[in-house]
Amino acid sequence: MGKIVVGKSEALRGTVRVSGAKNAALAIIPATILASDTSVLENVPPISDVHVYRDILEELGLQVDYASAAGKMTINADTLNNYRTSSDKVRQLRASSLLLGPLLARGGEAQIAMPGGCDLGPRPIDYHLKGLAALGAEISVEHGYIRAKAKELKGAEIYLDYPSVGATENIMMAAALAKGTTTLENVAREPEIVDLASFLNVMGGKVKGAGTDTIKVTGSPRLSGADHAIIPDRIEAGTFIAAAAATGGEVGLTNVIPKHLDPICAKIREMGVDIDIKEDALTAYGTDRIKPVDLKTLPYPGFPTDMQAQMMAVTCKAQGTSVITETVFEGRYKHVDELKRLGANIKVEGRSAVVTGVERLSGAAVSATDLRAGAALLLAGFTADGETEIDGAEHIDRGYAGIEAKFTRLGAKIRRV
Ligand code: EPU
């Protein structure tokens, strides 16, 4: 288990280039399977989840060339020769569920181990399976494996019980090679869905309505490999804005799409932080008097659950009481006990956490139990007296590229041991 040690860091200052979006990359990489030729992806973030996905694709027979420093991944899907993976790597990633739609659509069968990923409470994939079944797949779940088969996928009308990001993506991908038109209602509207739809469309697909709550996919007999640049990571950007807020610093960001950050910027501004927005860059000006905020996580364009832990870290030193309500994942409060080890005053009541700001946090040994919990502990550690030793750094590496280098550039005290 890797450790990251952070020290109290006065006002972070400087500029960081935001990497490509993890959650867009983890949907677009499996989408390349839909074509039997080569796709070239740019702005692919060099994070461990992407490396694991590359290994899974190679196990399926695809040829992958990943120049991680340049963010360029070339995937030749012509060599796909295996529709079943028993790889343990599948269990490490939630996004490996997104192999089902493309494998099924391309070859009529798919078998993967039940996906893993961050422990955020129960994370079923029943909506994915229901959607694929509606397109004509026969699905069974046995001995920890999901098996799907279909002689032919046919367009259908599908209403999602909840706007699940992964289910929307999986069904969109399968529908792209199905016969006829699929109408998907109550879908997720996240920018990563729109990015996947753009990729499917440059592959020759016909996807309309991404970004709204109804998506129509007209199936094509075949799709071609395509070139595509992944959108910037709005959650990485939000984490750096939160770092400016936590430390009262001044942090500039390049490679951002400001519109995608609206829900995050609205809340951070309420805390007294000024954010100056340019076309594809912004600067956040922190304050030494952070105001408390109330927030509720919701599907996009609501406040993202992936920023909940980082916002909680900032409210730990706000001048008053904040109420944070998590509605997307049942168990996404594992960071609470760790923040309390640093001296935070947090009480969880059902789905809400009541955070009363304290004058001082003090460094301690803590554990990053998941990716965003790890990010929250970094931010809290920068504001705590003494040193904070964060165990489980590999969780942070799943979704943040070069985290020490980026924070070091901003003047933070951070090192890996
Ligand atoms: N859900 C079901 N059944 C399903 C699918 C989802 O009950 O078949 C529930 C989930 O248990 C959860 C809610 O619906 O309570 C939302 O889940 P969703 O399917 O939208 O999430 P996901 O696709 O598993 C993606 C991101 C997460 C992000 C969520 C919500 C990827 C690889 N992961 O997960 O990212 O939190 O959407 O925005 O795209 C992260 O980056 O830290 C992260 C966890």
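Leaving aside its neighbours within four places in sequence, which residues is His128 in contact with? Let's find out, keeping in mind that this is a predicted model.

## His128 and its surroundings

His128 is in contact with Arg94, Ser97, Leu98, Ser164, Gly166, Ala167, Asn170 and Ile171, once its neighbours within four places in sequence are set aside. You'll find His128 in helix 5, which covers residues 126-134.

Is His128 buried or exposed? Its relative accessibility is 2%. Buried means under 20%, so His128 counts as buried. There's another histidine to look for, His228, which sits 100 residues away from His128 along the chain. In space, the C-alpha atoms of His128 and His228 are separated by 25 Å.

## Two nonpolar cores

Now for the cores. The largest nonpolar core has 79 residues, and the ones that touch the most other members are Ile29, Leu57 and Met172. Try picking out Leu57 in the structure: beyond its neighbours within four places in sequence, Leu57 is in contact with Ile29, Thr32, Ile33, Leu62, Val64, Ile75 and Leu99.

Apart from this core lies another one, made of 68 residues. Its members include Val256, Ala353, Ala368 and Ala412.

## A three-stranded sheet

Next, have a look at an open sheet built from three strands, in the order 6-8-7 and with antiparallel pairing. Which strands stand at its edges? They are strand 6 (109-113) and strand 7 (138-142). Each of these has a single partner strand, so one side of each has no neighbour in the sheet. On average, neighbouring strands here are turned by 10° against each other, ignoring direction.

Strand 8 takes in residues 145-149, and it pairs with strand 7 in the antiparallel sense over five bridges. If you want one bridge to trace, start at Ile139 and go to its partner in strand 8, Ala148. There's a helix to spot here as well: helix 4 (residues 100-107) lies across strand 6 and strand 8. Helix 4 runs at about 155° to strand 6.

## Two helices packed together

Two packed helices are described by the angle between their axes and the distance between the axes. For helix 10 (residues 308-315) and helix 11 (residues 334-341), the angle is about 25° and the axes are 10 Å apart. Angles under 35 degrees count as roughly parallel, so helix 10 is roughly parallel to helix 11.

Which residues make the contact? Helix 10 brings Gln308, Ala309, Met312 and Ala313, while helix 11 brings His335, Val336 and Leu339. As for handedness, helix 10 and helix 11 have a right-handed crossing.

Terms used
Residues are numbered from 1 along each chain as its sequence is written. This is a predicted model: local features need pLDDT of at least 70, side-chain atom pairs count only at pLDDT 80 or more; totals for chains, interfaces and linings use all residues. Side-chain values use heavy atoms; hydrogens and water are left out. A nonpolar core is a set of buried Ala, Val, Leu, Ile, Met, Phe, Trp, Tyr and Cys residues joined through side-chain atoms within 4.5 Å. Buried means under 20% relative accessible area, exposed over 50%, partly exposed in between (1.4 Å probe, protein chains only). Contact means heavy atoms within 4.5 Å. Two strands pair if DSSP finds at least two bridges between them. Helices (H or I, at least four residues) and strands (E, at least two) are DSSP runs, numbered from the N terminus. Axes are lines fitted to C-alpha atoms, for helices over the stretch in contact, and angles run from 0 to 180 degrees between N-to-C directions. Angles under 35 degrees count as roughly parallel, over 145 as roughly antiparallel, 65 to 115 as roughly perpendicular and the rest as oblique. A crossing is left-handed if the near helix is turned anticlockwise from the far one by less than a right angle, and right-handed if clockwise.
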